[in-house]
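Here's a quick walk through a two-chain model, with a few backbone oddities and packing details worth a look. Have the viewer open as you read.

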Amino acid sequence: MKGDHLGELEELVLLTVGSLYPKAYAPAIKKSLAEKMDRKVVISSIHTVLNRLENKQFVQSSFGETTPERGGKRKRYFEVTPQGFKALEVLKSRRDALWGNMVHLMPKLS
Amino acid sequence: MSPIPPPRLATKLLKRLISSEFFEEISGDLAEEYQEHARNKGRVLAQAIYLLEVIRYARMYRSERTYQSSNSLSMLQNYVKVAFRNLIKHKSYSLINISGLGIGLACVFMIFLFIKVETSHDKFHEDGKDIYRLQHVYGYINAQAAPTYARDYSEVASFNRINFWKTDRKVSLSNDEVFFEDVIVADSNFFNFFTFPLVRGDKFNCLKDKNSVAISRSHAEKFFGEEDPIGQVIMIDNVINGEELPFKVTAVFENIPLNSHLQFNMVLPFELLHDDRSLNIMNLWPNDWIGSYVKLKPGTNPEVMEEKYQEMWNKYYDAEADSITIDFMPIEDLYLESYDLRSDYTAHGNINQVRIFSAIAIIILLIACINFMNLATARASKRSKEVGVRKVMGAFRKQLIVQFFAESAIMTFMAVILALLILIVAIPPINRLAEIDLLLGLTDIVSTVLGVLVLTIITIIITGSYPALFLSSFQPIAILSGNNAARGGKGWVRKTLVIFQFTISIALIIGAMVVYKQMLFVKQKDLGFEPEDTLVFHFGSSDALRRKWPIVKDQVQTISGVTSVMASRHIPGDNAFYWGYKFEGFTDYEDPYGDAWLGYYVGYNTLDALGVEMILGRTFSEDIPTDSSAFILNESAWKQAIKDYGEAWEDPIGKTIEYYTTHSGDWAVDKKGVVIGVTKDFHHHSLERPIDPLVIHHSPSRRLLVKVESEKTNDVLASIENLWQEWNAPANFNYQFLDEYFEGAYKDEEQFNQFILIFCMLAIAIACLGLYGLSSFVAEQRIKEIAVRKVLGAHENSIIGMLSMDFLKLIGVAVLTGIPIAYYFMNDWLSNFAFRIDLSWYFFVLGSLLAAIIAISTVSYHSIKAATSNPVNSLRSE
């Protein structure tokens, strides 16, 4: 299991990290998810997922700058690693393959 | 608007919930959100949301970022690079370490192979687990025991008997080529019973025919070269009834591996013996002469079968007899475990040798490993800066441990390679010297490779553990601020290791001296006879020599350079046999053939010419006809007789002895005679064994002994070779020197002791190597101190003394611990010898002194160098 599997939330977070590059940090990710995906996620979930992704080496992180609202605490910026990108790619191509079949069925379904 | 700080209590809670490495970012993120909520939803709600969020972090309780940094491979590369740089930078240090460890490992591998070979004996038989040899005090038993077992007890599946008597028989080929060979005689199921694979022939039937012979592959080539050996006819002389008989080669077997206790090149069928008219002991129970093996059905308890011997004995021989016991010796254990039999037809190993060698192997490895650890920690001062910088750059302790293990692994692998090179060079000469095939230990390649691997890993763990744990524990601030506390650091560990190493070394030095002294003692011991300058010729048959004796004696005596001529059946170094003797005063008349004594057969003139001293009476004389049935006792036998047969034996001269043998087919009086003299004890066999009580007979002799003036030895040999043709002796011309023959009897023991000596010296050398390296580092460490002392006016001598003193103190402690250890083990070792030296004080004093001298001289090189160096050089730079 470890290393290659991506959960649904993990996938969304990972995609968001990619789309926010290079300014992906937890509150920004949360906001982006709420706006673009209509997903309300608590910040602690985002942190857990990010930690999990980092342990799987799908993202890597570094400290960035701080802002007054943060009380002097630095942001941690995340970015997608090559492994993370690959995992997303695989997931997407599998989905596309499934969609390929779906297309034939579409007329009947809709 | 200035930011409002989030509730402090909740933040504190957060700090407790998550690990510190997450705290900064998460608390920052939360604070950011809090600001937003406070702005949009009001402060109270924001505080509630904040608290709820914080509580949710309970799920990240204790979770950590795992550092699977993607650059782990490049770090490993860096470790290897740094390790090699260190190797090259400190060449002498690396050389000492690798060569010490390499030599140590080579010794260990060699001993490992030796142990493998010794324990591999007779393990190749297919049903080996179920094969047992019948033995009690001898390695052989009567000819009836094995077949009776097989007939009467269904638990016994089959049996095989082997006779080793037919040695040095003349073998002639059809092209008149002649060889002298040892031949064994075995039951016809021999190749089916034991697993000696046949190259040619049928293992079930090859010995069925009385005139068949199976020969080894090497002998097939020796006899017939390229020709097909099967069906060839060879003549073997004096097999039965003294006749020369033709035998047809029916099988060729693969050469017998050296790790078989049975060693032979030609096998004749046992059936032959039934035709031997002179051999009438086939059915006799109380007469041990045949090597007998039985194969039990799987699962049979051999101890139960041992007890059945009593039943058989009572049933077939003597219904009254009680307490007859024999042993079922498993064939797989036979080689190592039945070395203390009274006599046997095969060579034996010795389980004690194996144990001693194993102990030495462990000691050598330990010493080499301690060297490594000592040198690595002594270098700590050099490496501590590196450790500090690595830690500051973010290295975890775990990574440093990995690094140091990697370094010791690299060193160990290089040492293993060196050890293998040493083995490749050293094994062939050792094989030749010790008459062993160490490469046989490699046949079981899997376990050998596994053994080497395990040993390598153990070495890496031992050598790497201390430096890895010690060096990695440094506090970077302490190192980098120049605080000396971390440098060199825990000297006591190093001191303990040095003491331990020298304890072992002192024990080994004392041990080596004792072994050497004991060997010398054995060599120089008064043998009770003079073996020098004595030539021994094997005449072939005692009848022939007896007929020709007057001529031979006269002719040889006239050769210039000959001091005396003798004939003898036994010569010192031979094994004598037990026979039955009834001494005057023997009262146990139920025992039909008296007590068992060793019968020692000599010819006229032998005792005198060999210089054996007489205590009482006289030796055999050619002029007194009754002397052919007279007896002479040795001193031990005389004392034994007084003990066993009463004080009348205080005066032994003229007392009668009856001599019982089985030569007539059953136990009967062979001859009866009087005692005419008592000799001083002389060493009739190996010096390792005590002198047995001997009853010395006068008897026809097979061997011609000639004592010569040493400078004329070659002339005498040439003259006798000429006469040999004239005498028409039944054997080819041959000769041996008595002293060499006698030494041959304890060659194995001596060789073993020599090997112990070599290994001890190697161990000491490795220990010194370590001390040499260590002293150089200590001197280097104190180089500034020495320079300051010199500047302040210290004399060179006092500096040398100061540096040496440090080590001498350690050696002093080592002496105190080493001496009792050496005493205990050497006393134990010496107790194996019948004739031994005493452990006197000077071994211990000398050993300790020697250790101190060796230590000082290894240390002094560096201390003198340090003491005489110009202080400017060491003080100039900080």
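## Odd backbone spots

B:Asp122 counts as buried, because 22 C-beta neighbours sit inside 10 Å of it and the cut-off for buried is 20 or more. You'll find B:Asp122 in the loop that runs between helix 5 (91-119) and strand 1 (131-135) of chain B. Its phi is positive, about 60°, even though B:Asp122 is not a glycine. Most residues other than glycine have a negative phi, and most peptide bonds are trans. Bear in mind that this is a predicted model.

Chain A has a positive phi too: A:Gln57, which isn't a glycine either, has a phi near 65°. A:Gln57 belongs to the loop between helix 3 and strand 1 (59-66) of chain A. Is it buried or exposed, or something in between? With 17 C-beta neighbours inside 10 Å, A:Gln57 lands in the partly exposed class. Chain A also has a cis peptide bond, between A:Tyr21 and A:Pro22, with omega about 0°. A:Pro22 is part of the loop linking helix 1 (8-20) and helix 2 (26-37) of chain A.

## Where the chains meet

How many residues of each chain are in contact across the interface? On chain B there are 23, and they touch 21 residues of chain A. Helix 2 (20-41) and helix 3 (43-56) of chain B each put at least two residues into the side that touches chain A. Helix 2 of chain B gives the most to that side, with 11 residues. Sorted by class, the side of chain B that touches chain A is made up of nine charged, seven polar and seven nonpolar residues.

## Helix 3 of chain B

Now for a check on helix 3 of chain B. Its 14 residues, at 1.5 Å a residue, should span 20 Å, and the end C-alpha atoms are indeed 20 Å apart, so the expectation and the model agree.

Which residues of this helix are buried? They are B:Ala46, B:Tyr50, B:Glu53 and B:Val54. These four cover an arc of only 100° around the axis, so they lie on the same side of helix 3 of chain B. Turned away from that buried side is a face carrying the exposed residues B:Val44, B:Leu45 and B:Leu52. The cover over the buried residues comes from both chains: it includes helix 3 (43-55) of chain A, along with helix 1 (8-17) and helix 2 of chain B.

## Strand 10 and its partners

Strand 10 (residues 266-269) of chain B has buried residues pointing both ways: B:Met266 and B:Leu268 go one way, B:Val267 and B:Pro269 the other.

Strand 10 of chain B pairs with strand 5 (residues 184-186) of chain B in the parallel sense, over three bridges. There, B:Leu268 is the bridge partner of B:Val185. Strand 7 (residues 212-216) of chain B runs antiparallel to strand 10 of chain B, and two bridges join them. In this pairing, B:Ala214 stands opposite B:Val267.

## How confident is the prediction?

Chain B averages a pLDDT of 84, and 96% of its residues score at least 70. As for the model, ipTM comes out at 0.85 and pTM at 0.67.

Note on methods. Residues numbered from 1 in each chain as written. Chains lettered and ligands numbered in written order. Predicted model: local features only at pLDDT ≥ 70, side-chain atom pairs only at ≥ 80, totals over all residues. Contact = placed C-beta atoms within 7 Å. Nonpolar A, V, L, I, M, F, W, Y, C, P; charged D, E, K, R; others polar. pLDDT = per-residue confidence, 0-100. Expected span 1.5 Å × (residues − 1). Buried ≥ 20, exposed ≤ 12 C-beta atoms within 10 Å, placed from the backbone. Arc of directions from axis to C-beta. Pairing = 2+ DSSP bridges.
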